[in-house]
Amino acid sequence: MIIGILILALILVFVMMNHNVRSLHLKTKNVLTEQKLLRSQMTPHFMFNSLSVLQGIIINKEYKKSLNYISKFSSLLRLSLENSRTTMVSLEKEVKAIEKYLIVQNIARQLPFQYVISLDEKIHQKEVMIPPMLIQPFVENAIKHGFRELKEDQSIKISFYYSQQNLTCTIKDNGVGIDFHKNTFSNTDTSISTDLIRERLGILSKEYEIKLGVSIDDISGDNETGTIVMISLPYKIQIDNEGANS
């Protein structure tokens, strides 16, 4: 009974989120692209997969685990909805959303992966404001595609640092590598997400008048496998509710 109520509440949260996203007024091309990206992430397919995982946990009579999964996933949805309502969020909130996503992904895995999120000591994450939903798709790709083969010691390292006055994020995994993925699988969703991010960064480059972009490289070789993604992020510094372009 309790599980049924929690599942219903989870579905209602998703329906409300989807309704709010669709009701936003898309006044500029930048906002339009952001909403395309948001919808590409929070799709019914993602919801279906999440509930399927929950169903498997319940069938295995892992009730404590199922409650934990629902709690973490609901928290992730709420934070994602909150971040999606504005064009800029604090780096602190975006990092929190990424970490919640990593936790949810780890709950149902047979072999959980390790992850590290590090920030350069020069970065004040409460003051740095960035566009939301630029990083999560690449984290998702690392988990879904990089970690296709179950093995121990799988890891993801997400780093934020300043590089020549630009804010850079790198996502490095020790999975099968993007070249293996390209040669073995075809995934339209991955391509769409990547193209949307490139389009969005192109728009933001004009808005901020700086060069932005993303690079994806295979780092396999010499007994090492994996992929590294490097994203140049637009950002503002906001102190005492007064923003200033960097």
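**Close-up views of a predicted model**

**View 1. Strands β5 and β7 run antiparallel.** C169 stands opposite I231, a residue of β7. The view is taken from a predicted model. Strand β5 covers residues 166–173 and strand β7 covers residues 227–233, and 7 bridges join the two. Further facing residues can be followed along the pair: T170 stands opposite M230 in β7, and I171 stands opposite V229 in β7. Both strands are well covered. In β5, 6 of the 8 residues are buried. In β7, 5 of the 7 residues are buried, so this strand is largely enclosed by the rest of the structure.

**View 2. Strands β4 and β5 form a hairpin.** The two strands pair in the antiparallel sense over 8 bridges. Within the pair, K157 stands opposite K172 of β5. The hairpin has 2 residues between its strands, and Q164 in the turn has a positive phi of about 50°.

**View 3. Five strands make up an open sheet with mixed pairing.** The order across the sheet is β2-β4-β5-β7-β6. Strands β2 (114–119) and β6 (214–218) stand at the edges with a single partner strand each, so one side of each is left without a neighbour in the sheet. From one strand to the next, the twist averages 15°. At the β6 edge, β6 and β7 pair in the antiparallel sense over 5 bridges. The bridge partner of V214 in β7 is I231, the residue that also stands opposite C169. Strands of a sheet pair through backbone hydrogen bonds, either parallel or antiparallel.

**View 4. Helix α5 lies across two strands of the sheet.** The helix comprises residues 91–107, and the strands beneath this title are β2 and β4 (155–163). Helix α5 runs at about 175° to β2.

**View 5. Helices α4 and α5 meet in a left-handed crossing.** The axes of α4 (residues 63–84) and α5 come within 9 Å and cross at roughly 150°. An angle over 145 degrees counts as roughly antiparallel, and α4 and α5 are therefore roughly antiparallel to each other. On the α4 side the contact is made by K65, N68, Y69, K72, F73, S75, L76, L79, E82 and N83. On the α5 side, K93, E94, K96, A97, K100, Y101, I103, V104 and I107 take part. By class, this contact has 9 nonpolar, 3 polar and 7 charged residues. An α-helix has 3.6 residues a turn, so residues three or four places apart point the same way.

**View 6. Helices α5 and α6 cross in the right-handed sense.** The two helices pack at an angle of about 20°, with their axes 10 Å apart. This angle makes α5 roughly parallel to α6. Residues I98, Y101, L102 and Q105 of α5 meet Q136, V139, E140 and I143 of α6. The residues of this contact divide into 5 nonpolar, 2 polar and 1 charged. Y101 is thus listed in the α5 contact with α6 and also in the α5 contact with α4.

**View 7. Helix α6 is mostly covered.** The helix spans residues 136–146, and 10 of its 11 residues are buried. The buried residues include Q136, V139, E140 and I143, which meet α5. P137, F138, N141, A142, H145 and G146 are also buried.

**View 8. V89 is a buried residue of strand β1.** Strand β1 consists of residues 89–90. The relative accessible area of V89 is 4%, and buried means under 20%, so V89 falls within that class. Leaving aside residues up to four places away in sequence, V89 touches N83, E94, V128, M129, I130 and P132. Two of these, N83 of α4 and E94 of α5, also belong to the contact between those helices. V128 is 39 residues from V89 in sequence, and the C-alpha atoms of the two residues are 8.3 Å apart in space.

**View 9. The whole protein gives the setting for the close-up views.** The secondary structure comes to 8 helices and 9 strands. The protein has 246 residues, of which 43% count as buried. Among contacts between residues at least 6 apart in sequence, 71% join residues at least 24 apart.

How values were computed: Residues are numbered from 1 along each chain as its sequence is written. This is a predicted model: local features need pLDDT of at least 70, side-chain atom pairs count only at pLDDT 80 or more; totals for chains, interfaces and linings use all residues. Side-chain values use heavy atoms; hydrogens and water are left out. Buried means under 20% relative accessible area, exposed over 50%, partly exposed in between (1.4 Å probe, protein chains only). Helices (H or I, at least four residues) and strands (E, at least two) are DSSP runs, numbered from the N terminus. Two strands pair if DSSP finds at least two bridges between them. Axes are lines fitted to C-alpha atoms, for helices over the stretch in contact, and angles run from 0 to 180 degrees between N-to-C directions. Contact means heavy atoms within 4.5 Å. Angles under 35 degrees count as roughly parallel, over 145 as roughly antiparallel, 65 to 115 as roughly perpendicular and the rest as oblique. A crossing is left-handed if the near helix is turned anticlockwise from the far one by less than a right angle, and right-handed if clockwise. Ala, Val, Leu, Ile, Met, Phe, Trp, Tyr, Cys and Pro count as nonpolar, Asp, Glu, Lys and Arg as charged, and the others, Gly among them, as polar.
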